[in-house]
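Work through the exercises below with the model open. Each one sets a task and then solves it in steps.

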Amino acid sequence: GVQYDPTTAPGVVVSAGGNIYVFASGIEEGGTVAGAGQEIVYSGGTASGTDLTAGFIPGYAYEQAGALTVSSGGVASATNVAVLTTETVTFSGRAVGANVLGTLSISSGATASATNLSGTELDAGTASGTNVFAGQERVLSGGVASGTTIHGGSQNVSAGGGAVSTTVIGGQQIVYGTATGTMVSGGSQTVQNGGTASGSVVYSGGSVTIAVSGTASGTLVNSGGIETDDGTAIATIVSPGGTEAVGSAGTASGTIVQSGGIQTVIGNPPFGVGTAIADNTMVDSGGTQLVGGGGHAVSAIVSGGTEAVSAGGVTTATVVTAGGFVIVSSGGTASGTVLDSGGSLLVLPGGNAPGTILSGGSVLSTGVAVFQPGMPAAFYSAVASDVTVGSGGLEIVFIGGVAIATVVNSGGHEIVNSGG
C-alpha cells in the first residue's frame with residue numbers, strides 16, 4: 001500500500017510492494033520498512049527512527065531488503081539500517097545519526113553526520129563525525145570525510161577522495177587519495193601508491209606505513225609510534241621514543257630526530273629491491289641515526305646526536321657539530337664527513353672514512369666512548385669508571401682506554417678493542 005500523510009505518521013509498517021512517501025512538512029516517526037518495501041523522503045520531509053529490515057517473503061527465492069531514499073532537501077535521522085538493507089542519500093539530502101549494519105550511500109552533494117558504522121558507508125558526498133566500529137567507510141572520488149573515528153574496521157580513501165582529521169584508535173586508514181591531520185593511536189595508517197598524507201600524528205602503538213609511490217609529509221612520530229618509509233617521507237619529526245624506519249626504495253627527506261628518537265636507514269640489497277635513502281636528516285642531541293646494509297644517508301647534520309654506520313651502510317657529507325659522534329663499524333663507509341669543533345668520528349677496525357674533513361673536530365682512536373639511547377654520547381679520553389650500559393646502549397674501549405666497574409644490563413653491549 002501507499003501511505004500519504006501531510007503531518008505526522010507514527011509507527012507505519014510496510015513490506016513487499018509497500019511504499020512510504022514523506023512529502024514537504026511531513027514527518028514519519030518510528031516506521032518499519034521490511035523486505036522489498038521502500039520509503040522515499042522528499043524535499044522538506046523528515047523520517048525519524050526508521051527501521052530498515054530484511055527477510056524472506058513468500059514468492060521470493062532470496063531474502064528481500066527494505067530501502068530508504070532521502071531525496072534533495074529531505075532529512076532522515078536515527079535510521080537503523082540492518083544487514084542487506086540500504087539507505088541512499090541523494091543530492092542535498094541529509095542523513096543524521098544513522099546506525100548502519102547494511103549500507104549507507106551518500107551521493108555527490110549529499111551529507112551524512114554522526115553515523116555509527118558497522119557495515120558499509122559510501123561517501124561520494126560529505127560525511128562528518130562517522131564512528132567506524134567494525135565496518136568500512138569508503139571515501140569515493142569527490143567525497144570528503146571529516147572527523148571520522150575508527151575504533152575497528154577501516155576507512156578507505158579512494159583516489160580523488162579526501163579525509164580530514166581522522167582518528168584511528170584500533171582499526172586502519174588506507175589512503176589512495178589524500179588524508180590530512182590523521183591521529184593514529186593503536187591503529188595504522190597506510191599511504192598507498194599515489195596517495196598522500198600530511199600532518200599525521202602517531203602515538204604509542206600506532207603506525208604509519210608509506211608504500212612505494214606513496215607520500216607523507218609533516219608526520220610527527222611520538223613515543224612508541226613508528227613510521228615505515230617504503231615511499232617518500234618529507235619533514236618527519238621523530239620525538240623521544242619514536243622511530244622512523246626507512247626501508248628499501250624508501251626516501252626520507254628533512255627528518256628531525258629529537259633526543260631519544262631513532263631513524264633507521266636499512267635497505268634490502270640481497271633481494272635487489274632498492275636502496276634506503278635519508279637526505280638532510282637533523283640528528284639532535286640524544287637522537288640516533290642508524291645506517292645499515294643497503295642504506296645511504298646524505299648530508300646529515302649530527303648536532304649532539306649519534307650517527308652509527310654498520311656493515312653495508314654508507315654516509316656521504318655528514319656534518320658533525322659540537323657533541324656529535326659518528327661511529328663507523330666494520331664494513332661501513334662514511335665518506336666526506338666534516339668534523340666541526342667538538343664533533344667526533346670513531347672508526348672501528350674494518351670501517352672506512354675516506355675524505356674526512358677536520359674543521360676543529362677530531363678522529364678518535366683512544367679512550368672510551370659510551371652511547372645510551374636518548375642521551376648524548378659520552379667520551380672519556382682515558383678512563384671511564386662506574387658506567388652502566390642500559391638496554392640498547394654501547395660502550396667501546398679503544399686502544400689506551402680503560403673501563404672500570406662497568407655494568408652491562410640486558411640488551412646492552414661492551415666492545416673492547418685491542419690495546420684497551
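**Exercise 1. Classify Tyr-42 by accessibility, then describe its aromatic partner.**

Step 1. This is a predicted model. Tyr-42 has a relative accessible area of 29%. Buried means under 20% and exposed means over 50%. Tyr-42 is therefore partly exposed.

Step 2. The structure holds four aromatic pairs. Tyr-21 and Tyr-42 form one of them. The ring centres are 6.4 Å apart, with 20 degrees between the planes. Planes under 30 degrees apart count as stacked, and this pair is stacked.

Step 3. Now place the two residues. Tyr-21 lies in strand E4. Tyr-42 lies in the loop between strand E7 (38-41) and strand E8 (46-48). They are 21 residues apart, and the pair links distant parts of the chain.

Step 4. Extend the pair to a cluster. Tyr-21, Phe-23 and Tyr-42 form one aromatic cluster.

**Exercise 2. Assign the geometry of the Phe-325 and Phe-371 pair, and say what it ties together.**

Step 1. A pair of aromatic rings is described by the distance of the centres and the angle of the planes.

Step 2. For Phe-325 and Phe-371, the centres are 5.8 Å apart and the planes meet at 90 degrees. Over 60 degrees counts as edge-to-face. Phe-325 and Phe-371 are edge-to-face.

Step 3. Phe-325 sits in strand E54 (residues 325-328) and Phe-371 in strand E60, so the pair ties together parts 46 residues apart in sequence.

Step 4. Check burial. Phe-325 has a relative accessible area of 5%, so Phe-325 is buried. Phe-371 is at 9% and also counts as buried.

**Exercise 3. Find the nonpolar cores and the residues with the most contacts inside the largest.**

Step 1. In soluble globular proteins, nonpolar side chains tend to be buried together.

Step 2. The largest nonpolar core here has 40 residues. Those with the most contacts inside it are Ile-20, Leu-68, Val-89, Val-100, Leu-104, Ile-106 and Val-265.

Step 3. Trace the core to its strands. Strands E4 (19-22), E12 (67-70), E18 (103-106), E36 (207-210) and E46 (276-279) each supply at least two residues.

Step 4. Take Leu-68 as a worked case. Leave out residues up to four places away in sequence. Leu-68 then touches Glu-39, Val-41, Leu-52, Ala-76, Thr-79, Thr-86, Glu-87 and Thr-88.

Step 5. Look for another core. A second, separate core has 11 residues, including Ala-308, Phe-325, Leu-348 and Phe-398.

**Exercise 4. Which residues make the nonpolar surface patch of about 290 Å²?**

Step 1. The patch is made by Val-83, Leu-84 and Leu-101.

Step 2. Locate one member. Val-83 is in the loop between strand E14 (80-81) and strand E15 (86-89).

**Exercise 5. Ser-154, Glu-414 and Thr-366: place each one, classify it and list its contacts.**

Step 1. Ser-154 belongs to strand E27 (residues 154-157). Its relative accessibility is 8%, so Ser-154 counts as buried. Beyond four places in sequence, Ser-154 touches Val-132, Gly-135, Gln-136, Glu-137 and Gln-172.

Step 2. Glu-414 belongs to strand E67 (residues 413-416). At 36%, Glu-414 is partly exposed. Its contacts beyond four places in sequence are Glu-395, Val-397, Ala-403, Thr-406 and Val-408. Ala-403 is 11 residues from Glu-414 in sequence and 9.8 Å away, C-alpha to C-alpha.

Step 3. Thr-366 is in the loop between strand E59 (362-364) and strand E60 (368-371). At 34%, Thr-366 counts as partly exposed. Beyond four places in sequence, Thr-366 is in contact with Phe-379, Ser-381, Phe-398, Ile-399, Gly-400 and Gly-401.

Step 4. Add a distance across the chain. Thr-366 and Val-13 are 353 residues apart in sequence and 88 Å apart in space, C-alpha to C-alpha.

**Exercise 6. Examine the backbone at Asn-280 and Ala-317.**

Step 1. Most residues other than glycine have a negative phi.

Step 2. Asn-280 has a positive phi, near 60 degrees. Asn-280 lies in the loop between E46 and strand E47 (282-284). At 42% relative accessibility, Asn-280 is partly exposed.

Step 3. Phi of Ala-317 is also positive, near 60 degrees. Ala-317 lies in the loop between strand E52 (314-316) and strand E53 (319-320). At 32%, Ala-317 counts as partly exposed.

Conventions
Residues numbered from 1 in each chain as written. Predicted model: local features only at pLDDT ≥ 70, side-chain atom pairs only at ≥ 80, totals over all residues. Heavy atoms only, no water. Patch = residues over 30% accessible without salt bridge, like charges linked within 9 Å, V, L, I, M, F, W, Y side chains within 5 Å. Areas by Shrake-Rupley, 256 points an atom, 1.4 Å probe, with all protein chains shown as cover. Salt bridge = Lys/Arg side-chain N within 4 Å of Asp/Glu carboxyl O. Helix = DSSP H or I, 4+ residues; strand = E, 2+ residues; numbered from the N terminus. Core = buried A, V, L, I, M, F, W, Y, C linked by side-chain atoms within 4.5 Å. Buried < 20%, exposed > 50% of the residue type's maximum accessible area, 1.4 Å probe, protein only. Contact = heavy atoms within 4.5 Å. Phe/Tyr/Trp six-rings, centres within 6.5 Å; stacked < 30°, edge-to-face > 60°.
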